[in-house]
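Trainee: Hello, Mentor! Please show me how to read a protein structure, one feature at a time.

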Amino acid sequence: MGTDDISGRRRTVRTQFLRPPQSVWLRKAGALALFEAAFFLAYRYGMSFSQRVPAPFWFPDSVLLCALLIVPLRSWWLYILAAAPIRFLVLPADAPPFWFLFLAFVNDSLKAVLAAGLLRRFLPNPVRFDRLRDFAIYVGVAVLGVPLFSAAGGAAAL
């Protein structure tokens with residue numbers, strides 16, 4: 001396989017540039033496995049509290065937000081999809097109905113996507129705060145704004 005350039009020399013197309021090396025795929029699979037483990041631990045810990053009282057902090061949301069801030073935008077769907085089996089299969093004894101679990105999963109996923117998208121848009125480096133302004137934007141978006149918006153969806157589901 002080759003083409004002639006202007007000088008008449010034959011160039012070959014290297015296949016290594018057409019497909020990433022195996023180590024890239026292994027690194028991505030390792031990152032996804034690490035996310036799964038962290039999400040599982042956060043979910044188990046979050047579900048260990050009483051289901052009668054809403055949790056002030058929902059740790060799986062933090063894990064998903066961190067993952068979406070680190071990985072490329074084109075991989076977001078994979079991490080959201082990877083959280084689904086844990087959300088639907090790891091259930092406490094007094095589990096809520098499936099429709100509620102599904103709506104909570106959609107609400108939490110949209111919350112993470114919205115917060116990550118806004119943070120990526122308004123912060124030069126969303127995983128590091130270089131100025132007090134960056135921290136204020138993070139608090140405004142990820143701690144106050146998006147969770148308040150999400151709470152309205154959660155209240156409607158109840």
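Trainee: Let me start with one residue: is aspartate 61 buried or exposed?
Mentor: First, a word on what you see. This is a predicted model, in which local features need pLDDT of at least 70, side-chain atom pairs count only at pLDDT 80 or more, and totals for chains, interfaces and linings use all residues. Residues are numbered from 1 along each chain as its sequence is written, and side-chain values use heavy atoms, with hydrogens and water left out. Now the general idea: a residue is buried under 20% relative accessible area, exposed over 50%, and partly exposed in between (1.4 Å probe, protein chains only). Aspartate 61 has a relative accessible area of 14%, so it is buried.

Trainee: And in which helix is aspartate 61 found?
Mentor: Helices are DSSP runs of H or I with at least four residues, strands are runs of E with at least two, and both are numbered from the N terminus. Aspartate 61 belongs to helix α2, which covers residues 59-70. For the whole protein, you can find five helices and two strands, running β-β-α-α-α-α-α from the N terminus on.

Trainee: Which residues are in contact with aspartate 61, apart from its neighbours within four places in sequence?
Mentor: A contact means heavy atoms within 4.5 Å. By that test, aspartate 61 touches Asp108 and Lys111. You can also look at the backbone: the C-alpha atoms of aspartate 61 and phenylalanine 39 are 8.6 Å apart, although 22 residues separate the two along the chain.

Trainee: What salt bridge does aspartate 61 form?
Mentor: Look for a side-chain nitrogen of Lys or Arg within 4 Å of a carboxyl oxygen of Asp or Glu. The count comes to six salt bridges by this rule. In one of them, aspartate 61 pairs with lysine 111, and their closest N and O atoms are 2.7 Å apart. Aspartate 61 lies in helix α2 and lysine 111 in helix α4, so this pair ties together parts that are 50 residues apart in sequence. Lysine 111 has a relative accessibility of 19%, so it counts as buried too.

Trainee: How does aspartate 108 meet lysine 111?
Mentor: Their side chains form another salt bridge, at 3.7 Å from N to O. Both residues lie in helix α4, three residues apart, which is about one turn of the helix. Aspartate 108 is buried because its relative accessibility is 10%.

Trainee: Which residue forms a salt bridge with arginine 131?
Mentor: That partner is aspartate 134, with 3.2 Å between the closest N and O atoms. Compare how the two are covered: arginine 131 is partly exposed at 45% relative accessibility, whereas aspartate 134 is buried at 1%. Elsewhere, salt bridges that share partners join Asp61, Arg87, Asp108 and Lys111 into one network.

Trainee: Now for the nonpolar side chains: how many residues does the largest nonpolar core have?
Mentor: In soluble globular proteins, nonpolar side chains tend to be buried together. A nonpolar core here is a set of buried Ala, Val, Leu, Ile, Met, Phe, Trp, Tyr and Cys residues joined through side-chain atoms within 4.5 Å. The largest one has 31 residues, and Phe35, Leu64, Leu68, Tyr79 and Leu119 have the most contacts inside it. Each of α1, α2, α3, α4 and α5 (132-157) supplies at least two residues of this core, and α3 gives the most, with eight.

Trainee: What covers the buried residues of α3?
Mentor: The cover includes α1, α2 and α4 (98-122). Helix α3 spans residues 76-89, and its buried residues include Trp76, Tyr79, Ile80 and Phe88. Try leucine 119 as well: beyond four places in sequence, its contacts are Leu69, Pro126, Ile137, Tyr138, Val141 and Ala142.

Trainee: Which residues make a nonpolar surface patch?
Mentor: Patches are made of residues with over 30% relative accessible area and no salt bridge; like charges are joined within 9 Å, and nonpolar side chains (Val, Leu, Ile, Met, Phe, Trp, Tyr) within 5 Å. Areas come from the Shrake-Rupley method with a 1.4 Å probe, and for residues only the protein chains shown count as cover. Here Tyr45, Phe49, Phe57 and Phe59 make a nonpolar patch of about 440 Å². Tyrosine 45 sits in helix α1 (residues 22-47) and is partly exposed at 46% relative accessibility.
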